[in-house]
Amino acid sequence: IAILLWAADPSVPERLATPFFHAAAAAALDLPVEIYFTAASVKLLAPGVAAALRPGAHPKTVYDSMREAAAHGAVLLACSDALAAHGLAGTALIPECTRRGGAVQFMARAADLRWRTLVF
């Protein structure tokens with residue numbers, strides 16, 4: 001499962017739990033899961049940002065949900081262009097983000113008939 005975070009913007013925290021719940025569920029089913037952070041969603045990868053966000057009245061922070069997905073095996077990938085566009089190029093990111101990947105990598109997954117994609 002390749003998940004593209006496009007409209008998952010830190011300024012709208014109520015949209016941020018669902019992608020990570022889906023990622024954790026798929027990974028718990030032993031499916032390969034990659035989460036591609038692009039556009040403003042890369043801001044979630046800066047230390048402290050996701051930890052300060054709660055999606056509505058949910059008891060967990062957005063970072064808790066991200067960590068849960070990663071703990072189940074989801075791979076978090078940051079788009080290098082989006083990082084640069086938001087002034088995060090060269091910045092240390094949360095430890096759960098272990099790779100870089102953007103449009104080319106996501107489109108390769110989308111074109112691969114063995115993969116399914118979700119866009120949030």
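Begin by selecting Ile3 together with Leu118, which lies in strand β5: in this predicted model the two residues stand opposite each other. Widen the selection to strand β1, residues 2-5, and to β5, residues 117-119, and you have two strands that pair in the parallel sense over three bridges.

Stay on β1 and show its side chains. In a regular strand the side chains alternate between the two faces of the sheet. Here Ala2 and Leu4 point one way from β1, while Ile3 and Leu5 point the other way, and all of these residues are buried.

Next select Leu5 and look across to strand β2, where Phe37 is the bridge partner of Leu5. With the whole of β2 selected, residues 34-37, the pairing with β1 appears as a parallel one that extends over four bridges. Then add helix α1, residues 17-28, and follow the chain, since β1, α1 and β2 make a right-handed β-α-β unit.

The last stop is the cysteines, and the structure holds zero disulfides. Select Cys79, which is in no disulfide, and go to the nearest cysteine sulfur, that of Cys97, which is 11 Å away; because a disulfide requires sulfur atoms within 2.5 Å, that distance leaves the pair unbonded. Cys97 in turn is in no disulfide, with the sulfur of Cys79 as the nearest cysteine sulfur.

Are these two cysteines buried or exposed? Cys79 has a relative accessible area of 11% and is buried, and Cys97, at 10% relative accessibility, counts as buried too, because the cut-off for that class is under 20%.

Terms used. Residues numbered from 1 in each chain as written. Predicted model: local features only at pLDDT ≥ 70, side-chain atom pairs only at ≥ 80, totals over all residues. Heavy atoms only, no water. Buried < 20%, exposed > 50% of the residue type's maximum accessible area, 1.4 Å probe, protein only. Pairing = 2+ DSSP bridges. Right-handed = clockwise from strand over helix to strand, strands pointing away.
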